[in-house]
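Thank you all for coming. I would like to walk through one model with you, starting with the whole chain and ending with a few residues, so please keep the view on the screen open while I talk.

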Amino acid sequence: MNTQNLFFDLDGTLLDTQADIHECMLTTVREFGGSEDEFLKYFRIGPPLGDAVALAMPHLNHDDIDRFMARFRALYDVSPQQKTSVYPGMKAALATLKDAGKTLFIATNKRIFPTRRLLKMFELADFFSDVLAVDMNGKTYTKPQMLQYALDQYHLDAGHSIMIGDSRSDVRAGDACRMQTIAVTWGYEPEILLRQTNPGHVATDAATLLTVLLH
């Protein structure tokens, strides 16, 4: 595969963060008088949190939702992340790609503070040339916007760049920027849904991902 610039999603692609996110989320739901079961019907890691809050807790107004999100973020930012882990083989895969001369980026809908904190905590930060996050540079970015920002900022060829992630939105973001795409199946969306977006490749484990990227 003729790719130099590799853009990795974080949650569900490099790190399994689900348990710690759920713990902080459900604590916030209880504090705001919501039903845990009802909330979990709507909440998925990846899409904007406010959408799930509005659906699961219709008694909250716009200001309440802002306070909900602020409270969740405050809890998550100090969480010890004891239940979060690197997916099997992914740290070694990043090292192999870096040693092969690839340029690696993070592209995540997570905020920049917890993203950098997690990368440092799990000793992944040094693999990446830059971290693209939803609130980088004091602005708000969609994933296509952050990818386009990196392409423009670093004068990268989209045809030699690839978006790697576990969600349909990752594939669509890569498509929107005319990049190649790889969907990984170990994250939070079912493989059958990922394949509906027609990613360029599908990887079922870290070894398969390396094979695709290095051959």
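Contact, as I will use the word, means heavy atoms within 4.5 Å. Before the details, a caution: this is a predicted model, in which local features need pLDDT of at least 70 and side-chain atom pairs count only at pLDDT 80 or more, while totals for chains, interfaces and linings use all residues. Residues are numbered from 1 along each chain as its sequence is written, and side-chain values use heavy atoms, with hydrogens and water left out.

Let me begin with the overall picture. The protein chain holds ten helices and eight strands, taken as DSSP runs numbered from the N terminus, with H or I over at least four residues for a helix and E over at least two for a strand. Its radius of gyration is 17 Å, close to the 17 Å that the globule rule gives for 215 residues, so the chain is as compact as a globular protein of that length; the radius is taken over C-alpha atoms, and the rule is 2.2 Å times the number of residues to the power 0.38. Along its principal axes, the C-alpha trace spans about 50 × 35 × 30 Å. Of the contacts between residues at least 6 apart in sequence, 65% join residues at least 24 apart.

Of the 215 residues, 48% are buried, where buried means under 20% relative accessible area, exposed over 50%, and partly exposed in between, with a 1.4 Å probe and protein chains only.

Now to the residues, and I will start with K143. Which residues does K143 touch, leaving aside its neighbours within four places in sequence? The contacts are with D9, A107, T108, N109, M163, D170 and A173. K143 sits in helix α7, residues 143-153, and counts as buried because its relative accessibility is 4%. Its side chain makes a polar contact of 3.1 Å with the side chain of D9; by a polar contact I mean a pair of N or O atoms within 3.5 Å, where, within protein, one must be able to donate a hydrogen and the other to accept it, and residues adjacent in sequence count only if both atoms are side-chain atoms.

The partner, D9, lies in the loop between β1 and β2 and is also buried, at 6% relative accessibility. The C-alpha atoms of D9 and A107 are 5.1 Å apart, although 98 residues separate the two along the chain. Beyond four places in sequence, D9 touches residues including L14, I164, G165 and D166.

That loop, between β1 (5-8) and β2 (15-16), also holds D11, which counts as buried at 9% relative accessibility. Two polar contacts join the D11 side chain to others, one of 2.4 Å to the side chain of T17 and one of 2.7 Å to that of K110. Among the residues that D11 touches more than four places away are I21, I45, T108, D166 and Y188.

Finally, two backbone points. Q81, in the loop between α4 (62-78) and β3 (85-86), has a phi near 60°, a positive value in a residue other than glycine. R178, in the loop between α8 (168-176) and β7 (180-184), likewise has a positive phi near 60°. Is each of them buried or exposed? Q81 is buried, with a relative accessible area of 3%, whereas R178 is exposed, at 73%.
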